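Trainee: Before we discuss this model, could you explain how each term is earned, setting every value against its definition?

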Amino acid sequence: MTVATAVAHPNIALVKYWGKRDADLNLPATGSLSMTLDVFPTRTTVALDPALDGDAFTLDGRAATGIPLDRVTRFLDVVRALAGVETRARVTSAGTVPEAAGLASSAAGFAALAGAASAAYGLDLDERALTRLARRGSGSASRSVIPGFAVWHAGDTDEESFAESVDAPALAMVIAIVDAGEKPVSSRAAMRRTVLTSPFYPAWVTSTDESLRSALAACRDGDVDRLGRIAETNALRMHALIQSCDPPIRYLAPTSLAVLDRVEALRARGVGAYATADAGPNVVVVCRPADAAEVRDALADLAEIVVAHPGPGLRIEPGAVA
Ligand code: 2P0
């Protein structure tokens, strides 16, 4: 039996991925930019087992069935096709982030699975190939392969759609956990509904392409405030887009809006703080590391707060292949 283990962390996008041009290959409509965090690691072990008729998936100590198991099996089918091996596997994954709460648990999960599965099935992939493989599981997982800041190039083909490292100014992310419960509509379903029903979707695609170009220029210039403004605008545009679906979806909660008000108040007193939020009510405040404690204190009565910094990329544990 061949076994491998890998660890990955979530990432938070400064320029968001929302919408696919190809659902089978998971090619996004636009590129995106993110920071991989140093908190909430997911650790995943893949063990090949010739005695199994189907894959088995244990998530946080519970046997998974239905959609989560199907997604793991479909992902392992991609790995098996690359490896030319048909053996099924036992997948055991333990996360430290609330699942499906809009805190990028699928990014860490599929990045760790890509690392563990590729090693267990004997694939020898470089970093770029690992980002492309992780993308097949969950688009945002491509960025969690990369330490610190990552750009995921949209690309027109499987080969062109990969993530790579990008230099950026020092940032902290102050995470306000407004609600750790499961979100009502998954990102994947909400993205599909957006593409099919929002009249604003074409404008989102063009404006996000432009935001990514500007954000990469702000990274090159080391300009935290310009990068933060672009990130906040892009995030609020994404939520406006999601709210414009039919039927509409709203992820932000009253407390999320209260956090956004506090971030404005921080800026009014000269702190460079900028808000972003994924497909859920939690708000992440981007700031200089030296301001993180002040931002945390300003939000502490509204939500549980976790301060994050740039974290490591995907790590495949050495010596784990038997
Ligand atoms: C992002 N999100 O850029 C955006 C912002 C959520 C809001 O990527 O269908 O779980 O598995 O490719 O990667 C969430 O989408 O979607 C996401 P799939 P994924 O971080």
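Trainee: What makes the pair between Tyr 17 and the ligand a polar contact?
Mentor: An oxygen atom of the ligand is 2.6 Å from an N or O atom in the side chain of Tyr 17, and a polar contact is a pair of N or O atoms within 3.5 Å, so the pair qualifies. For Lys 20 the value is 2.5 Å, again from a ligand oxygen to a side-chain N or O atom, and for Ser 138 it is 2.7 Å. The model is predicted, with pLDDT of at least 70 needed for local features and 80 or more for side-chain atom pairs, while totals for chains, interfaces and linings use all residues. Residues are numbered from 1 along each chain as its sequence is written, and side-chain values use heavy atoms, without hydrogens or water.

Trainee: How do you know where the ligand lies relative to domain 1 and domain 2?
Mentor: Domain 1 (3-168) and domain 2 (172-308), with bounds from an automatic or database domain assignment, both contribute residues to the shell, so the ligand lies between them.

Trainee: Why are β6 and β9 said to pair?
Mentor: Two strands (DSSP E runs of at least two residues, numbered from the N terminus) pair if DSSP finds at least two bridges between them; β6 (residues 42-48) and β9 (residues 89-94) have six, in the antiparallel sense, and therefore meet the definition. Within this pair, Thr 44 stands opposite Ser 93 in β9.

Trainee: What makes β8 and β16 edge strands?
Mentor: The open sheet of six strands runs β8-β7-β9-β6-β1-β16, with mixed pairing. Both β8 (62-63) and β16 (315-316) have a single partner strand, so one side of each lacks a neighbour in the sheet.

Technical notes. A polar contact is a pair of N or O atoms within 3.5 Å; within protein, one must be able to donate a hydrogen and the other to accept it, and residues adjacent in sequence count only if both atoms are side-chain atoms. Helices (H or I, at least four residues) and strands (E, at least two) are DSSP runs, numbered from the N terminus.
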